[in-house]
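I set out to keep a short notebook on the structure shown below. Each entry records what I looked up and what I found.

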Protein chains: 4
Amino acid sequence: MAVDQVTSTDPMQAFYDEIHGKDLDALWRAHAEGGPRDASYPPRLWKWSVIEPLTRRAMELVTPGPDAVRRVLTLNNPSTRGGATHTITGAVQVVLPGEIAPSHRHTAAAIRWIIKGSGTITMVDGEPCMMEPGDLVLTPGWTWHGHINQSDGPMVWMDSLDVPMVMTLKAMRQEPYPDELNPATKPIGDSEARYGAGYLQPVWEHSTSPISPLLRYPWARTEKSLHDLAKFDASPFDDVAFRYTNPATGKDVLPTIGCWIQMLRPGVHTKAHRHTTSALYQVYRGHGSTIVNGTQIDWEEGDFLALPPWSWHEHINGSTSDDAILFSTNDGPVFQSLNLYTEQAYPDNKGYQAVTGQYSA
Amino acid sequence: MAVDQVTSTDPMQAFYDEIHGKDLDALWRAHAEGGPRDASYPPRLWKWSVIEPLTRRAMELVTPGPDAVRRVLTLNNPSTRGGATHTITGAVQVVLPGEIAPSHRHTAAAIRWIIKGSGTITMVDGEPCMMEPGDLVLTPGWTWHGHINQSDGPMVWMDSLDVPMVMTLKAMRQEPYPDELNPATKPIGDSEARYGAGYLQPVWEHSTSPISPLLRYPWARTEKSLHDLAKFDASPFDDVAFRYTNPATGKDVLPTIGCWIQMLRPGVHTKAHRHTTSALYQVYRGHGSTIVNGTQIDWEEGDFLALPPWSWHEHINGSTSDDAILFSTNDGPVFQSLNLYTEQAYPDNKGYQAVTGQYSA
Amino acid sequence: MAVDQVTSTDPMQAFYDEIHGKDLDALWRAHAEGGPRDASYPPRLWKWSVIEPLTRRAMELVTPGPDAVRRVLTLNNPSTRGGATHTITGAVQVVLPGEIAPSHRHTAAAIRWIIKGSGTITMVDGEPCMMEPGDLVLTPGWTWHGHINQSDGPMVWMDSLDVPMVMTLKAMRQEPYPDELNPATKPIGDSEARYGAGYLQPVWEHSTSPISPLLRYPWARTEKSLHDLAKFDASPFDDVAFRYTNPATGKDVLPTIGCWIQMLRPGVHTKAHRHTTSALYQVYRGHGSTIVNGTQIDWEEGDFLALPPWSWHEHINGSTSDDAILFSTNDGPVFQSLNLYTEQAYPDNKGYQAVTGQYSA
Amino acid sequence: MAVDQVTSTDPMQAFYDEIHGKDLDALWRAHAEGGPRDASYPPRLWKWSVIEPLTRRAMELVTPGPDAVRRVLTLNNPSTRGGATHTITGAVQVVLPGEIAPSHRHTAAAIRWIIKGSGTITMVDGEPCMMEPGDLVLTPGWTWHGHINQSDGPMVWMDSLDVPMVMTLKAMRQEPYPDELNPATKPIGDSEARYGAGYLQPVWEHSTSPISPLLRYPWARTEKSLHDLAKFDASPFDDVAFRYTNPATGKDVLPTIGCWIQMLRPGVHTKAHRHTTSALYQVYRGHGSTIVNGTQIDWEEGDFLALPPWSWHEHINGSTSDDAILFSTNDGPVFQSLNLYTEQAYPDNKGYQAVTGQYSA
């Protein structure tokens, strides 16, 4: 009763109550409250030393198949709704010898970044793709895909999907394949033979799709390219860094996920900048630190680091003798398409942040 | 206690508990639960007969200015986080004679669709844009904009912004203009003089931006074009319908918001289809119904209708003598850019849904 | 014998003779001779006072039909191989009441710029296009087209084709239509109803072709747009000038021919510049002069002026009370596509050339 | 007198004479004469066995330098104005140990296809490009370039330029470099380190130019790619064939010249087709025949073959044990940009032409 009375004596509040009941709201109230705040969230690190034992437990507890579909531990950033960042997911998938992760398809697109093992095949719309450490393998949206480990050791990789974007857009649909594994309709290496040279295209192919026709980017060329580039140029913010591209268009590999490979040379300490895009790093080699908004985050091989949007960040290779290599996925293509990309160099202190704290999970 | 004991005796549950504590999750559990569901939500109608008296109340209760900024009633779809659909907002803005809605800018982009009144100017990055009923006026992201009513009657328009998209992307930033109204730096009609012919461009202009350089699309040509097109062709699903375009590229007016104008001829009953995009309709003229997933929703002049994504829908003009005209905004450009657009014609019953219910708010 | 002896005693000349016999040449000889010279050619003016009486004679002498096909006087620039410039042709076509210029098609594309008369239709792949003074009508490459004059007066227009480009590329093919006139398969005004608003597109159309889907650009909007633009901005080199565009892409109307409309305001004297492209002007209204490489060329209504590539040029409206209006075609799209476009402002004398001579044909 | 009388008694002829004097022509006369004919011309073969001894003579007769600029024998197709085809040139360039072909630049673009030798550098706008057999090196239009042979053997390569196109467009300009060789401003391999992976781009590079930022395409990857593709797919008309691409856009390497590499597997006899584009082949390896419009043209290593536009052609590898490899340049990008590309499969005899003659030069 008291509440009702109060309400009825404040015409503004009465108005608010009335319009809320009609699914309307007063914009000026939001404005009065200061409008959008907290456009970002804290960074998050997942230690491989924590994940790795859990993947072993998962090996015992669950088997890919009709019930479990995938043996996947997802990186669950508490600041997001089920992603590693607010736009992309990250996860670790393990397939044991002889196992099949049964085929399905979904409107969300995925990339696989191979961490460990050999001899597993991902079947992407009928093309069997080999998976070796350091390879990048694409499974574009709505392609049938399953995995089969034909080797005698476990296979471990990073999955990264655009699920948060697609969920946000209410565009997520999913379908199981009627059988266990969609069959191979092409020989192993088909798309690599066509597009793998990068700058050669079969004269009869004329792809203009925003989805790369090349499904696998093998590690050997990636690694060599990093070392080649290191001799010529580097970014003050990212050191030696490449964006993987769709060879048919020169743009990002997928319209919703960008992929980068990055080498921090021994002793490198980059300058800080920030951009509207977010990223999920996997430490492929080495150890070091990333300073995010003044907080130093130490990482070592196998760790995953979620970089939130619009956050000052700079990278440090913790070794003065060895390279550190970071693979990362990002939402860059989305920001480019929607004209929302901006970046800034850190203006103070010659570009280096003051470290104001140490990250602890 | 009982709960704890159960947990500790179920190794699976114990595992789940443990990984949750480490910001990890088990994908197979989500899969076991059936994966993504409910990719859409119900349609929503806002009646002008409800909104209109509330705008009058708002005229008494609040005045645009430093505190309130805007006299805007937002369409608050309860199935979304503050949008009319999950990707775009809708609202009704009223500016009274002599009032100024002070200038600001935000990364979110807006369109204005003029409903009533005359003699108000929207200042868009220094270009004063006239606002007359049926005009479409753009305020692209990060442009300074304010409104000033120099007439002797109230001015009413529909706002539609990409705020939910931009919020989702954590890319929302906002800035008040240091003064009340950003000053005019161009004469009235500047962008119309350059690009208003639609298919003529000043020889010294070479815009390739995804943001239309034309800021105002006046009603006279829109209306004439609808009647011209009606004599030649129409869509089975949308009847006589145009997409507004960026004259410099032929694409949608903004990278995040598409705008349509649509005329349902007397007696027209379109066939049903569905698409991954959502839309917010404003009934500019006439009355009729839209059947969404079997539910008939009756509308009349001034009403707003939110069409959720992937929903079967067909339109009926309720009059056999007069046209009905619908303006709408949609997230089409986003779905096109991210390669997520699909549509389907309703396969049964010659393309018409069976009506299984009547909409009530 | 003497000649042979001379040859045999000069080893260089002997070498040249030998390789020429084998369809080889010595590049160094060309280099020694100074390489490419004379990249351009003189401007050329055709007076309407000369052409007009000849069109009358042509009306008596020849009738369009199976034998003559077209009553067309072509502007034969002696510096080119059959063009008005080296890349585009210009011509005057006359169709008398009741006449039909029978249908054919060719890989070369054409534009028609209507000078005089009314009531003639050009049939473009089944779409009948009205022709009124000041209209621009397109007949893209390989479209069937014929003309029929259903009025009671003669019809006169300017033709401009990309024939020299297409001939150069050995891509010219031509086919007569089996009958007199290809039949109408669409109503008059079809493409105008779809694309004529310029910035509205039927929601079911998704043209991305480099060929404009709009076939007719009527004079009324062109003229109004010139006057509108005049109030806001102008080019120092071209005064008030628009490029006609393909409304589906914002680019030139055809991949091989650009079209401009240009208004020199009373008393205007533009500054000089030069560009790699050439143009053919038709004086639609008024009188004045163009100074090309120092030579003053006076023109009046109806005249045609060929502007050679890379030539300094500036325009003068000869009247201080009336506008002068120039329509022109150019090879701009070709130079843009092939990355060969450059332009320069005249660097001396505040941008104005010294007049060193007067043009006489 | 007689002539004058005849003329004066034929009013048509009198008219023709009169208008010719005024730089006008009568289109109907051209039409009466049947319009454009002979859109193509015969194929042309240049034998290496003929060229090679002449290059040796040229080594004795001429030295690159200020006077001779380049020791280049051009393939002078008598059916064209100084090209190997009507749109592209072909030539053989030789640089002897210690020699410098001095730097210059021209609006025409060039490619170099290395035939023999090692240790020569082409300096392209400050980037020194290594040249090894089978490499493709680009010198885009208006880039300073010179060559220096630092090895102890002669260097031989094929030049192919877009000179006929650029001359036709009157866009040819040329400038000598003030000094002998433009200096290196970048280290050897700069563009390869950035773009040489083909599908990796430095994150700070954002080229969208139609000119490839990659200047050298080394043979090793080309050769491997041909063998890889051979295992998967081939064209019925061209067997195993790649188009070299601009890695930043996926399109042809230059806006005016396309480059192909093609492997005819042992015993292959392709089907015939024709297209509006022309090509110049260099036989890099092997021997065989090409049948052009019924004429069989036998070729062996080192030969050059000009394929005219719109000519039926099929290829035969003359060996049943060894691959034949053809490099070729073509005008494909021009035809694509100008919307003039068409192709047809040979409709009769299961796709194979009847051989009606044997080519002899």
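The entries that follow go through the chain contacts, then one residue of chain A, then one strand of chain B.

**Entry 1. Status of the model**

I note at the outset that this is a predicted model.

**Entry 2. Chain A against chain B**

I first asked how many residues each chain brings to the contact between chain A and chain B. The contact takes 66 residues from chain A and 66 residues from chain B. I then looked up the buried area, which is about 6,000 Å² between the two chains, with 68% of it on carbon and sulfur atoms. On the side of chain A, Trp28(A), Leu169(A) and Lys170(A) lose the most area to chain B, and together they account for 12% of what that side buries.

Next I turned to the polar links. Between chain A and chain B I recorded 4 salt bridges. One pair that I looked up is Glu18(B) with Arg57(A), a salt bridge in which the closest N and O atoms are 3.1 Å apart. The count of residue pairs in polar contact between chain A and chain B, both residues at pLDDT 80 or more, is 17.

Which elements of chain A supply at least two residues each to the side that touches chain B? The helices are helix 2 (11-20), helix 3 (27-32), helix 4, helix 5 (163-168) and helix 8 (332-337), and the strands are strand 1 (24-26), strand 2 (44-46) and strand 3 (72-75). Helix 4 of chain A gives the largest share of this side, 6 residues. I sorted the residues of the side of chain A that touches chain B by class and obtained 40 nonpolar, 14 polar and 12 charged.

I also found strand pairing across this contact. Strand 1 of chain A and strand 3 (residues 72-75) of chain B run antiparallel and are joined by 3 bridges. Within this pairing, Leu24(A) has Leu75(B) of strand 3 of chain B as its bridge partner.

**Entry 3. Chain C against chain B**

I repeated the search for chain C and chain B. Here the contact takes 42 residues from chain C and 42 residues from chain B. The area buried between these chains is about 3,500 Å², and carbon and sulfur atoms give 63% of it. In chain C, the residues that lose the most area to chain B are Tyr199(C), Phe232(C) and Arg243(C), together 24% of what that side buries.

Across this interface I recorded 2 salt bridges. Asp233(C) and Arg194(B) meet through their side chains in a salt bridge, at 2.7 Å from N to O. I also recorded 18 residue pairs in polar contact across the interface of chain C and chain B, both residues at pLDDT 80 or more.

On the side of chain C that touches chain B, helix 6 (190-195), strand 13 (200-202), helix 7 (219-230) and strand 15 (240-244) each supply at least two residues. Helix 7 of chain C gives the most, with 5 residues. By class, that side of chain C has 22 nonpolar, 11 polar and 9 charged residues.

Strand pairing appears in this contact as well: strand 13 (residues 200-202) of chain B and strand 15 of chain C pair in the antiparallel sense over 3 bridges. Phe242(C) in strand 15 of chain C is the bridge partner of Pro202(B).

**Entry 4. Chain pairs without contact**

I then checked two further chain pairs. No contact joins chain A and chain C, and their closest C-alpha atoms lie 13 Å apart. Chain B and chain D are likewise joined by no contact, with their closest C-alpha atoms 13 Å apart.

**Entry 5. Arg56(A)**

I looked up Arg56(A), which is found in helix 4 (residues 48-61) of chain A. I classed Arg56(A) as partly exposed because its relative accessible area is 47%, and the partly exposed class runs between 20% and 50%. The side chain of Arg56(A) makes a polar contact with the side chain of Glu52(A) at 2.5 Å. Val94(A) is 38 residues from Arg56(A) along the chain, and their C-alpha atoms are separated by 9.0 Å.

**Entry 6. Strand 9 of chain B**

Which way do the residues of strand 9 (residues 136-139) of chain B point? Leu136(B) and Leu138(B) point one way, Val137(B) and Thr139(B) point the other way, and all are buried. I noted beside this that side chains in a regular strand alternate between the two faces of the sheet.

I finally looked up the partners of this strand. Strand 6 (residues 110-116) of chain B pairs with strand 9 of chain B in the antiparallel sense over 4 bridges, and Ile111(B) stands opposite Leu138(B). Strand 14 (residues 216-217) of chain B also pairs with strand 9 of chain B in the antiparallel sense, over 2 bridges. In strand 14 of chain B, Tyr217(B) is the bridge partner of Leu136(B).

How values were computed: Residues numbered from 1 in each chain as written. Chains lettered and ligands numbered in written order. Predicted model: local features only at pLDDT ≥ 70, side-chain atom pairs only at ≥ 80, totals over all residues. Heavy atoms only, no water. Contact = heavy atoms within 4.5 Å. Buried area = accessible area lost by both parts, 1.4 Å probe. Polar contact = N/O pair within 3.5 Å; in protein donor to acceptor, adjacent residues only side chain to side chain. Nonpolar A, V, L, I, M, F, W, Y, C, P; charged D, E, K, R; others polar. Pairing = 2+ DSSP bridges. Buried < 20%, exposed > 50% of the residue type's maximum accessible area, 1.4 Å probe, protein only.
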